[in-house]
Amino acid sequence: LLATATITWATFKKNWVAILVLSLCSLAGISSVRNLPLVIFVSVSVLLAYLPTSNWQRYQQILEHDKSLRTALRTLIFAAIITLIWPLAKTLAFTRQNTYPVSAVSTIQKSYPGAVIFNHYDWGGYLDFARPEGKVFIDGRMPSWRGAPVPGELTFAHLDWIGISQGNSALFDKDVAEFHIDTILWQLETPTTPFLTMLKAKGWQTVYSDDVAVIYRKSS
């Protein structure tokens, strides 16, 4: 909505460069959620560029006499701050025991240092952070990866991950064989989910479990 309003404003002003930039940023925002901050930044920058700086005193006078407008502005600023702080706080919470598999990854490092892991999607970034020496099956960047086949890697890991997490047995066997996967790091879930039911049927065994994560290993 913000981008649409800004493009409309730029069209009224006949600023074709701003329209082009905003349109490209909007397409980027539609293609991936992580690009939305770029859309917001560019849109706000364009809007601020059209505000007449000579009227700042007039703006100040209006705010001084309009209590409802002051309240609305403060609410907007507060919402913007929360919007910025919330994801930052989540990013800095890597060591929170109730959010990320801290203990589980520590166990893998100590007991299975050479493990090849098929990981839960939400924890790929944490594995990159806590275990940089090992590859992850998928992390938050990979849903939008496309490209020519690379030996030892998938060109679109997200499709494989979705299929396997839904219990696609043939796809699971293919990727386990191709990438020599011997360890599953998963969120603690009800044992009746299709993925966990499939694991148990194939003989994968629980070697670790806590309130956050569970580790499965291939039976010998």
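Student: In which handedness of crossing does helix 8 pass helix 9?

Tutor: This is a predicted model, in which local features need pLDDT of at least 70, side-chain atom pairs count only at pLDDT 80 or more, and totals for chains, interfaces and linings use all residues. Residues are numbered from 1 along each chain as its sequence is written, and side-chain values use heavy atoms, with hydrogens and water left out. A crossing is left-handed if the near helix is turned anticlockwise from the far one by less than a right angle, and right-handed if clockwise. Helix 8 passes helix 9 in a crossing that is left-handed.

Student: Why is helix 8 described as oblique or perpendicular to helix 9?

Tutor: The axes of helix 8 (residues 157–165) and helix 9 (residues 169–179) come within 8 Å and cross at roughly 125 degrees. Angles under 35 degrees count as roughly parallel, over 145 as roughly antiparallel, 65 to 115 as roughly perpendicular and the rest as oblique. Helix 8 is therefore, relative to helix 9, oblique.

Student: Which class does the ring pair of Phe137 and Phe179 belong to?

Tutor: Rings of Phe, Tyr and Trp (its six-membered ring) pair if their centres lie within 6.5 Å; planes under 30 degrees apart count as stacked, over 60 as edge-to-face and the rest as tilted. The Phe137 and Phe179 centres are 6.4 Å apart with planes at 85 degrees, so the pair is edge-to-face.

Student: How many residues apart in sequence are the parts that this pair ties together?

Tutor: Phe137 lies in the loop between helix 7 and helix 8, and Phe179 in helix 9. The pair therefore ties together parts whose separation in sequence is 42 residues.

How values were computed: Axes are lines fitted to C-alpha atoms, for helices over the stretch in contact, and angles run from 0 to 180 degrees between N-to-C directions. Helices (H or I, at least four residues) and strands (E, at least two) are DSSP runs, numbered from the N terminus.
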